[in-house]
Amino acid sequence: LRPELLRGNRTLVSTMALVGSLRKELAQSVSSCRVLVVGAGGIGCELLKNLVLTGFTNIDVIDLDTIDVSNLNRQFLFQKKHVGKSKAQVAKESVLQFSPKANITAYHDSIMNPDYNVEFFRNFVLVMNALDNRAARNHVNRMCLAADVPLIESGTAGYLGQVTVIKKGLTECYECQPKPTQKTFPGCTIRNTPSEPIHCIVWAKYLYNQLFGEEDADQEVSPDTADPEAAWDPAETAARAGASNQDGDIKRVSTKEWAKSTGYDPIKLFNKLFKDDIKYLLTMDKLWRKRKPPVPLDWNEVHNMESGGAQEGAPSAGLKDQQVLGLKSCAQLFSRSVETLRMQLAEKGDGAELVWDKDDPPAMDFVTAAANLRMHIFSMSTKSRFDVKSMAGNIIPAIATTNAVIAGLIVLEALKILSGSIDQCKTVFLNKQPNPRKKLLVPCALDPPNANCYVCASKPEVTVKLSVHKVTVLSLQDKILKEKFGMVAPDVQIEDGKGTILISSEEGETEGNNNKCLSEFGIRNGSRLQVDDFLQEYTLLVNILHCEDLEKDVEFEVVGDTPEKPPQSSAAEPGNNMANGSDDGAQPSTSKAPEQDDVLIVDSDEEPSSSAADVHAEGGGHKRKLDEPEGEAAAKRRRQEQPAADEDDDIIALD
């Protein structure tokens with residue numbers, strides 16, 4: 001039902017809510033409670049519409065993203081004229097046409113902004129996630145656990161979907177069970193701020209389609225000028241996004257047409273993609289305040305390098321596909337593959353398109369070369385052709401119907417919570433084919449908290465295996481504490497009897513430590529670190545296990561990483577590899593060979609537990625504080641309790 005169809009009938013609009021079909025007490029709770037919706041994309045649009053039509057009148061919605069033309073086929077609250085505008089704000093305006101009396105507050109911002117602290121979350125009776133990236137979902141779940149507010153988590157991936165409820169002390173948190181490597185990434189990550197090899201491989205596959213295959217607005221490879229993280233000012237973001245638009249009429253420069261105009265000149269393509277576009281990214285200076293900036297490549301400089309073989313120090317023996325090429329060899333491979341693909345395209349005639357196939361040598365050469373050149377630019381270790389081929393997965397499609405079904409299930413779980421019947425809440429999986437009982441929707445009982453969880457245990461503690469002589473303080477902060485353990489602004493104190501501060505979230509206090517190894521601070525085998533994230537009200541004890549013989553390219557391991565529960569023979573795993581959150585920007589990827597997303601069948605209408613389903617309703621964390629020492633750490637906590645207004649803090653874009 002589109003809001004524009006209702007514009008002439010305000011009476012119909014104002015009486016469409018379903019409160020008449022609810023018990024009086026529940027209807028009152030629905031109309032009076034204040035709820036938070038995090039994300040206004042594929043699931044978020046459907047959910048907001050459902051909420052107001054159910055009778056919810058006090059809704060806050062937050063999303064950092066702006067509307068792209070590629071969203072319009074499934075995010076029905078948006079129209080062409082809205083391209084470049086805030087998703088949250090436009091969603092609010094559209095939903096008000098369904099229910100003009102609703103009180104909706106929209107935030108064009110990141111939920112990870114320190115302004116949205118635990119006190120902010122305590123304003124809500126219920127929080128509903130409609131996100132598409134793991135970092136933000138982890139953060140929201142930790143905030144909900146700290147505030148003791150129920151969270152409804154959801155996710156879609158193609159025809160698969162799931163909804164679950166997380167409640168402090170009653171159910172598993174998101175991080176109670178290990179998750180597979182994330183299989184979707186926001187578009188701005190692919191285009192602007194890749195941090196893993198898979199991001200570069202996805203970009204290279206998109207580039208192949210933009211140059212030689214079917215062009216797709218969802219697979220743009222040029223710098224994303226509307227990246228919300230590059231501008232905290234909503235007006236500035238909208239202005240960037242609409243810089244080349246007139247009244248919503250998008251005028252885009254076709255990558256393929258530009259390449260054709262150059263005759264698919266490999267040198268011009270190289271310099272545009274790996275020099276000019278990278279230089280443009282560097283002008284988006286906010287992106288690089290807390291990231292290492294990329295380094296542009298110039299064809300002539302690379303071509304004039306002395307060595308073009310395998311990487312220095314890499315063994316030359318072994319299968320050809322398993323050798324990691326050097327920078328000059330990658331550039332030469334890029335040039336040769338472009339020439340070959342250009343000829344293949346020309347042979348097919350005007351208007352022809354090539355289809356990427358991992359078993360097609362020129363196509364695989366192109367993706368390998370382009371991905372490795374981009375990895376080098378963004379300071380990542382490059383990969384062999386074999387590795388690139390194994391990591392190049394398929395894009396998960398975005399299905400509007402799946403979003404609609406999941407949004408409906410979210411509201412049903414919300415009504416149970418407001419009825420005081422949280423014990424009746426379920427994890428519900430949407431399968432892409434009926435099970436033996438001809439059911440597409442399979443409910444499972446919620447699992448209790450995992451006593452060994454490093455997030456929601458009473459005293460969270462982990463052991464990390466690493467080399468204290470190789471791992472730097474910056475790696476500890478970024479790769480272990482932020483990336484692995486989902487912290488936003490960690491403070492680290494060494495339990496050495498002196499209370500040595502290793503990492504401070506206060507800017508400038510400990511930056512001089514960043515490039516020093518842990519051993520330089522007396523950290524050795526058996527050392528303990530107390531890590532506090534005062535925003536999340538989360539404390540974690542980290543035990544250091546020194547090890548010099550980790551596998552190649554493995555910087556650290558978490559010992560006994562949250563054990564999986566034993567499989568239940570009668571249950572299967574619906575949606576085992578679900579990529580949670582909205583379908584927006586659903587890009588391929590894992591850093592491992594992609595797994596099949598088929599649903600394993602559950603053999604009954606309801607299962608006793610969702611653990612066998614390996615629930616991935618993102619979020620997670622109990623933030624129980626440990627006893628706090630007096631002094632500097634306590635002072636930091638007091639400072640954190642003050643309202644945070646630093647708009648320059650690092651953010652995670654919600655795509």
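A residue is called buried when its relative accessible area is under 20%, exposed when that area is over 50%, and partly exposed in between. With a relative accessible area of 28%, Arg342 is therefore partly exposed. This and every other description below refers to a predicted model.

Arg342 makes a good starting point for the charged pairs. Its side chain meets that of Glu339 in a salt bridge, with an N to O distance of 3.2 Å. Both residues belong to helix α13, and because they are 3 residues apart there, about one helical turn separates them. Glu339 is likewise partly exposed, since its relative accessibility is 31%. Elsewhere, salt bridges with shared partners connect Glu461, Glu495 and Arg528 in one network.

The search of the whole structure finds 15 salt bridges, and two further examples bring together buried partners. In one of them, Lys87 pairs with Asp65, and the closest N and O atoms are 3.3 Å apart. Lys87 lies in helix α4 (residues 87–95), whereas Asp65 lies in the loop between β2 (58–62) and α4, so this salt bridge ties together parts that are 22 residues apart in sequence. Lys87 and Asp65 are both buried. In the other example, Arg142 forms a salt bridge with Glu175, and here the closest N and O atoms are 2.9 Å apart. Helix α6 (residues 134–147) holds Arg142, while Glu175 sits in the loop between β6 (160–166) and α7; the pair therefore ties together parts that are 33 residues apart in sequence. Arg142 has a relative accessible area of 0% and is buried. Glu175, at 6%, is buried as well.

The aromatic side chains come next. The count of aromatic pairs comes to 17. One of these is formed by Phe270 and Phe334, whose ring centres are 6.2 Å apart; the planes meet at 70°, so the arrangement is edge-to-face. This pair links distant parts of the chain, with Phe270 in helix α11 (residues 266–283) and Phe334 in helix α13 (residues 327–348), 64 residues apart. Phe270 counts as buried because its relative accessibility is 0%. Phe334 is also buried, with a value of 0%.

Another edge-to-face pair consists of Tyr454 and Phe485, with ring centres 5.0 Å apart and planes at 80°. Here two loops are involved: Tyr454 lies in the one between β10 (441–445) and β11 (461–466), and Phe485 in the one between α17 (473–484) and β12 (491–494). The two residues are 31 residues apart, and the pair again links distant parts of the chain. Tyr454 and Phe485 are both buried.

Phe270 and Phe334 also take part in a wider arrangement. Together with Trp203, Tyr208, Phe212, Tyr264, Phe274, Trp299 and Phe366, they form one aromatic cluster. One member of this cluster, Trp203, has a charged neighbour: the charged end of Arg374 sits over its ring, 4.4 Å from the centre. A similar placement is found at Trp258, where the charged end of Lys272 sits over the ring at 5.7 Å from its centre.

Turning to the cysteines, Cys188 is listed by UniProt under "active site", in an unreviewed entry. In the model, Cys188 is found in helix α7 (residues 187–191). Its relative accessibility is 4%, so Cys188 counts as buried.

What is a disulfide? A disulfide is a covalent bond that joins the sulfur atoms of two cysteines. How many does a search of the whole structure find? The search finds 0 disulfides. Cys173 is a useful case to look at, as it is in no disulfide and its nearest cysteine sulfur, that of Cys453, is 3.6 Å away. A disulfide would need the two sulfur atoms to be within 2.5 Å. Cys173 is buried, with a relative accessible area of 5%. Cys144 counts as buried too, because its relative accessibility is 1%.

A last polar detail concerns Asn113. This residue is found in the loop between β3 (103–107) and α5 (118–121). The Asn113 side chain makes a polar contact of 3.2 Å with the side chain of Asp109. With a relative accessibility of 2%, Asn113 counts as buried.

How values were computed:
Residues numbered from 1 in each chain as written. Heavy atoms only, no water. Helix = DSSP H or I, 4+ residues; strand = E, 2+ residues; numbered from the N terminus. Buried < 20%, exposed > 50% of the residue type's maximum accessible area, 1.4 Å probe, protein only. Polar contact = N/O pair within 3.5 Å; in protein donor to acceptor, adjacent residues only side chain to side chain. UniProt positions renumbered as here; feature names shortened; annotations may be inferred. Phe/Tyr/Trp six-rings, centres within 6.5 Å; stacked < 30°, edge-to-face > 60°. Lys NZ or Arg CZ within 6 Å of the ring centre and 35° of its normal. Salt bridge = Lys/Arg side-chain N within 4 Å of Asp/Glu carboxyl O.
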